[in-house]
Amino acid sequence: MAKIVFEEVTKTFPTKDRKNRRNRRNKEQFTALDGIDLEIEAGEFVVVVGPSGCGKSTLLDLLGGLTRPSSGRILLDGKPITGPGLDRGIVFQQYALLPWRTALGNVEFGLEATGVPRRERSSRAREFLDLVGLTGFEDRHPHELSGGMRQRVAIARSLAYDPDVLLMDEPFAALDAQTRESLQDELRRIWQRTGKTVVFITHGIEEAVYLGQKVAVMTSRPGRVKEIVPVSFGARGDGFQGEDLRSSPEFARYRHEIWTLLHDEVARAQQLEKEEATV
Ligand SMILES: Nc1ncnc2c1ncn2[C@@H]1O[C@H](COP(=O)(O)OP(=O)(O)O)[C@@H](O)[C@H]1O
Ligand SMILES: [Mg+2]
């Protein structure tokens with residue numbers, strides 16, 4: 001049985017905005033996602049890539065149980081998602097850390113809801129800060145950490161209560177290129193070590209190719225899954241990563257394939273906007 005199944009999932013938002021009114025049958029609705037079908041296996045690393053505004057965050061919010069589908073359903077371990085849960089950890093683009101708590105305190109915070117005893121919380125939090133390479137920074141507050149370090153804390157916090165599924169919405173988008181690439185390596189290492197199911201959202205093609213075992217390319221609005229591109233690098237198991245992998249011909253082929261799929265969508269979105277402007 002697949003870990004996560006999207007069955008004909010649609011998400012509409014009520015709107016008064018004429019510009020966004022694409023669905024003429026129901027003039028008060030804006031369709032953000034239209035018939036998403038997607039299956040994700042346990043332990044898989046799936047990247048969802050798509051143009052801005054195509055519904056990526058909407059899709060992740062649905063998975064996180066933060067909102068409900070307008071129609072269709074999403075199954076997790078065969079059961080419909082009815083709300084947020086400790087079986088899913090979410091990492092957003094902005095560092096959703098508590099500014100008055102230290103790095104350790106922020107990771108412990110995630111454990112307080114799970115009923116882990118106080119003493120165990122601290123040792124577990126240290127263990128996960130170590131996993132993301134932050135040993136020695138336990139007592140720093142968020143403002144004393146770099147952007148990359150803050151995002152590491154956010155990852156440690158979502159891993160500490162041991163969710164099966166890690167949901168990530170453009171978590172590295174605000175970081176500089178070098179930090180982003182090193183966090184991509186860290187994330188792959190953590191995924192390999194922990195065997196979590198990861199759903200990672202990005203608008204970056206290189207990031208998608210580098211991270212994903214499968215890359216789901218979305219259409220521009222309303223969002224649908226246009227194509228799923230399986231990505232595999234034969235030599236990856238032999239430590240083939242970083243610049244070697246990024247500059248390989250295989251990498252360039254995948255990048256081009258996904259670029260072509262996305263390029264058509266961006267062109268279509270621009271055309272839609274032009275039509276709407278003249279209505
Ligand atoms: N709560 C909401 N109410 C109305 N419209 C929304 C809401 N959330 C998202 N949208 C609209 O749905 C579309 C998809 O948004 P989003 O999922 O954030 O896209 P992405 O993350 O791919 O950039 C956008 O046009 C956005 O304006
Ligand atoms: Mg988004």
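**Polar contacts, burial and ring pairs**

Colleague: In this predicted model, what makes the approach between an oxygen atom of ligand 1 and Lys 56 a polar contact?

Modeller: An oxygen atom of ligand 1 is 2.9 Å from a polar backbone atom of Lys 56, and a pair of N or O atoms counts as a polar contact within 3.5 Å, so this pair qualifies.

Colleague: How do you know that Gly 53 and Thr 58 also make polar contacts with ligand 1?

Modeller: For Gly 53, a backbone N or O atom lies 2.7 Å from an oxygen atom of the ligand, while for Thr 58 an N or O atom of the side chain is 2.6 Å from an oxygen atom of ligand 1. Both distances are within 3.5 Å, and therefore both pairs are polar contacts. Taken alone, ligand 1 exposes 560 Å², of which the protein buries 61%.

Colleague: Which element gives the most to the shell around ligand 1?

Modeller: Helix H1 does, with three residues; strand E2 (29-40) and helix H1 (56-64) each supply at least two residues of that shell. By type, the shell divides into five nonpolar residues, five polar residues and one charged residue.

Colleague: Why is Thr 10 called buried?

Modeller: Thr 10, which is found in strand E1 (residues 4-14), has a relative accessible area of 14%, and because buried means under 20%, the word applies to Thr 10. Leaving aside neighbours within four places in sequence, Thr 10 is in contact with residues including Thr 31, Leu 33 and Pro 69.

Colleague: What makes Phe 172 and Phe 200 a tilted aromatic pair?

Modeller: The structure holds five aromatic pairs. In the one formed by Phe 172 and Phe 200, the ring centres are 5.7 Å apart and the planes differ by 55°. The centres are within 6.5 Å, so the rings pair, and the angle is neither under 30 degrees nor over 60, so the pair is tilted. Phe 172 lies in the loop between strand E7 (165-169) and helix H5 (177-194), and Phe 200 in strand E8 (residues 197-202), 28 residues apart.

Colleague: Why is the pair of Phe 233 and Phe 251 called stacked?

Modeller: The planes of Phe 233 and Phe 251 are 20° apart, with 6.0 Å from centre to centre; since that angle is under 30 degrees and that distance is within 6.5 Å, the pair counts as stacked.

Colleague: How do you know that Phe 233 and Phe 251 are buried?

Modeller: Phe 233 has a relative accessible area of 5% and Phe 251 one of 0%, and both values are under 20%, so both residues are buried.

Methods:
Residues are numbered from 1 along each chain as its sequence is written. Chains are lettered from A and ligands numbered from 1 in the order in which they are written. This is a predicted model: local features need pLDDT of at least 70, side-chain atom pairs count only at pLDDT 80 or more; totals for chains, interfaces and linings use all residues. Side-chain values use heavy atoms; hydrogens and water are left out. A polar contact is a pair of N or O atoms within 3.5 Å; within protein, one must be able to donate a hydrogen and the other to accept it, and residues adjacent in sequence count only if both atoms are side-chain atoms. Accessible areas come from the Shrake-Rupley method with a 1.4 Å probe; for residues, only the protein chains shown count as cover. Helices (H or I, at least four residues) and strands (E, at least two) are DSSP runs, numbered from the N terminus. Ala, Val, Leu, Ile, Met, Phe, Trp, Tyr, Cys and Pro count as nonpolar, Asp, Glu, Lys and Arg as charged, and the others, Gly among them, as polar. Buried means under 20% relative accessible area, exposed over 50%, partly exposed in between (1.4 Å probe, protein chains only). Contact means heavy atoms within 4.5 Å.
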